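Thank you all for coming. I would like to take a few minutes to walk through one structure, and I will ask you to keep it in view while I talk.

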Amino acid sequence: MSTPTPKSRSSSPTVFEQQREELVREIAVGMEQVLQNINRLNRNLESIIAVGNEFGSVEALWSQFENFMGRPREEVEEHGSRQREDQNINEGPSELHDQDFHKVQGR
């Protein structure tokens, strides 16, 4: 009886190894493309955020306008009368007298 001799491993890769190397190359190329696309997406998002930040002051102004216009009429009138009262307190009696005098004179 002869025993089978182990086959000497040849230096040429097997079909399995060739397919595995090809798949590893494809995966590496695909991962490189994914990385490039992620970097491109990141740059685009940064530019979008920068443009959005430029409108921050405009948004704040419109927000103030919306809040002012959304107030009930009584609150706006109350707020205006309170400002007039504060202004009258700060002006002093002589200025108030001058204002009343000009109203009577029609100026």
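Let me begin with a question: in which helix do Arg 25 and Glu 22 lie, and how many residues apart are they? Both of them belong to helix H1, where they sit 3 residues apart, about one turn of the helix. An α-helix has 3.6 residues a turn, so residues three or four places apart point the same way. Arg 25 forms a salt bridge with Glu 22, and the closest N and O atoms of the two are 2.9 Å apart. By the rule applied here, the count for the structure comes to 1 salt bridge. Arg 25 counts as partly exposed because its relative accessibility is 48%, and Glu 22 is likewise partly exposed, with a relative accessible area of 36%.

Before going further, I should say that this is a predicted model, and that the protein averages a pLDDT of 79, with 62% of the residues scoring at least 70. Confidence is highest in helix H1, residues 15–54, at a mean of 96, whereas it is lowest in helix H4, residues 93–105, at a mean of 50.

As for the overall layout, the secondary structure comes to 4 helices and 0 strands, and, read along the sequence, the pattern is α-α-α-α. Of the 107 residues of the protein, 3% count as buried. The protein exposes about 10300 Å², of which carbon and sulfur atoms supply 57%.

That brings me to the surface itself, and to helix H2. A nonpolar surface patch of about 740 Å² is made by Val 51, Phe 55, Val 58, Trp 62, Phe 65, Phe 68 and Met 69. Helix H2, residues 56–69, contributes the largest share of this patch, namely 5 residues. Phe 55, another member of the patch, has its place in the loop between H1 and H2, and Phe 55 counts as partly exposed because its relative accessibility is 48%.

Why do we say that H2 lies largely in the open? Of its 14 residues, the number buried is 0, and so H2 is described in that way. The length of H2 can be checked too: at 1.5 Å a residue, the 14 residues should span 20 Å, and the end C-alpha atoms of H2 are indeed 20 Å apart, which agrees.

Within H2 there is one more contact to look at. The structure holds 1 aromatic pair, and this pair is formed by Trp 62 and Phe 65, which meet edge-to-face, at 5.6 Å centre to centre and with 85° between the planes. Trp 62 and Phe 65 both lie in helix H2, 3 residues apart, about one turn of the helix. Trp 62 counts as exposed because its relative accessibility is 56%, and the cut-off for that word is over 50%. Phe 65, at 45% relative accessibility, therefore counts as partly exposed.

To close, the two contacts I have described are the salt bridge between Arg 25 and Glu 22 and the edge-to-face pair of Trp 62 and Phe 65.

Key. Residues are numbered from 1 along each chain as its sequence is written. This is a predicted model: local features need pLDDT of at least 70, side-chain atom pairs count only at pLDDT 80 or more; totals for chains, interfaces and linings use all residues. Side-chain values use heavy atoms; hydrogens and water are left out. pLDDT is the predictor's confidence in each residue, from 0 to 100. Helices (H or I, at least four residues) and strands (E, at least two) are DSSP runs, numbered from the N terminus. Patches are made of residues with over 30% relative accessible area and no salt bridge: like charges are joined within 9 Å, nonpolar side chains (Val, Leu, Ile, Met, Phe, Trp, Tyr) within 5 Å. Accessible areas come from the Shrake-Rupley method with a 1.4 Å probe; for residues, only the protein chains shown count as cover. A salt bridge is a side-chain nitrogen of Lys or Arg within 4 Å of a carboxyl oxygen of Asp or Glu. Buried means under 20% relative accessible area, exposed over 50%, partly exposed in between (1.4 Å probe, protein chains only). Rings of Phe, Tyr and Trp (its six-membered ring) pair if their centres lie within 6.5 Å; planes under 30 degrees apart count as stacked, over 60 as edge-to-face and the rest as tilted. The expected span of a helix is 1.5 Å times one less than its number of residues.
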